[in-house]
Amino acid sequence: MQNLSHPRHNRSTLAKRLRQLSFAVVAFGGCSAFSPSEPELPAGAVPLGAQPSYTAWFERTEACSGLAGQFKQIQWFVVPDAETFQTSAGPKVGMWEKVGNVARIIIAGKYVGHEMVIRHEMLHHLLDREGHPPEYFVTRCRLTWESWSSGVADR
Ligand SMILES: [Zn+2]
């Protein structure tokens, strides 16, 4: 009777689970309007809905770095359930890239709730560059695996 209750496509359970997990499916401006010339996302990557903790983590990253940026310029993607995903630079748990005026951050599913991984990519966004200047990634913000674990006692 209710057509709405029947899924139109036989989507994978993964995709369904992800959608249920998303707290809200927020369409960031222009999100679906990728032009064909833009770099491809890693295999299996799908848009990541708004994560409530991310705003606070962004503010924290602005504070430690002394930099300011636009959280809304970031388009978030996740590779569901993945420990890592393949990139041209090898397997990664997170990746930041600039596509025109917007930044894309892709996160392996296992790490969407991992503060260091998320804030590490946010710091790339604030610095607007790849690479890891130690002043920011280690000294100021401790957003590498080593510096993160050594700083746990301080937090
Ligand atoms: Zn990095």
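Does Ala108 count as buried or exposed, or rather, which of the two words fits its count of C-beta neighbours inside 10 Å? Ala108 has 23 such neighbours and therefore counts as buried. Keep that residue in view, and remember as we go that this is a predicted model.

Let us first step back to the overall layout. The protein contains five helices and six strands. Following the sequence from its start, you meet them in the order α-β-α-β-β-β-β-β-α-α-α. Of the 155 residues in the protein, 26% are buried. If you take the contacts between residues at least 6 apart in sequence, 69% of them join residues at least 24 apart.

Now back to Ala108, which sits in strand S6. Setting aside neighbours within four places in sequence, Ala108 is in contact with Val79, Ala82, Glu83, Thr84, Phe85, Val93 and Gly94. You can also look from Ala108 across to Phe77: these two are 31 residues apart along the chain, and their C-alpha atoms are separated by 8.7 Å.

Ala108 also leads us into the protein's interior. The largest nonpolar core has 28 residues, and Ala108 is among those with the most contacts inside it, together with Val79, Ile106, Ile107 and Leu123. Two or more residues of this core come from each of strand S2 (74-79), strand S6 (102-108), helix H3 (115-127) and helix H4 (134-140). Helix H3 gives the most, with six residues. As a general background, nonpolar side chains in soluble globular proteins tend to be buried together.

Ile106 is a good second stop in the core. Not counting residues up to four places away in sequence, Ile106 touches Leu41, Pro42, Ala45, Phe77, Val79, Phe85, Gly94 and Met95. Val79, Phe85 and Gly94 may look familiar, since they also appear among the contacts of Ala108.

Gly94 brings us to the pairing of strands. Strand S5 (residues 94-99) runs antiparallel to S6, and six bridges join the two. Within this pairing, Gly94 has Ile107 of S6 as its bridge partner. The two strands form a hairpin with two residues between them, where Gly100 takes a positive phi near 65°.

Positive phi values turn up outside glycine too, and two aspartates are worth a look. Asp81, in the loop between S2 and strand S3 (85-87), has a phi near 65°. With 12 C-beta neighbours inside 10 Å, Asp81 counts as exposed, because 12 or fewer is the cut-off for that class. Asp128 lies in the loop between H3 and H4, and its phi is near 60°, again a positive value in a residue other than glycine. Asp128 counts as exposed as well, since it has 11 C-beta neighbours inside 10 Å.

Finally, follow H3 to its helical partner. How do H2 and H3 lie with respect to each other? The axes of helix H2 (residues 52-65) and H3 come within 9 Å and cross at roughly 55°, so the two helices are oblique to each other. Their crossing is right-handed. On the H2 side, the contact is made by Tyr54, Trp57, Phe58, Arg60, Thr61, Glu62 and Ser65. From H3 come Glu115, Ile118, Arg119, Met122, Leu123 and Leu126. Leu123 links this helix contact back to the core, where it is one of the residues with the most contacts.

Definitions and conventions: Residues are numbered from 1 along each chain as its sequence is written. This is a predicted model: local features need pLDDT of at least 70, side-chain atom pairs count only at pLDDT 80 or more; totals for chains, interfaces and linings use all residues. A nonpolar core is a set of buried Ala, Val, Leu, Ile, Met, Phe, Trp, Tyr and Cys residues joined through C-beta atoms within 7 Å. A residue is buried if 20 or more other C-beta atoms lie within 10 Å of its own, exposed if 12 or fewer, and partly exposed in between; C-beta atoms are placed from the backbone. Helices (H or I, at least four residues) and strands (E, at least two) are DSSP runs, numbered from the N terminus. Two residues are in contact if their C-beta atoms, placed from the backbone, lie within 7 Å. Two strands pair if DSSP finds at least two bridges between them. Axes are lines fitted to C-alpha atoms, for helices over the stretch in contact, and angles run from 0 to 180 degrees between N-to-C directions. Angles under 35 degrees count as roughly parallel, over 145 as roughly antiparallel, 65 to 115 as roughly perpendicular and the rest as oblique. A crossing is left-handed if the near helix is turned anticlockwise from the far one by less than a right angle, and right-handed if clockwise.
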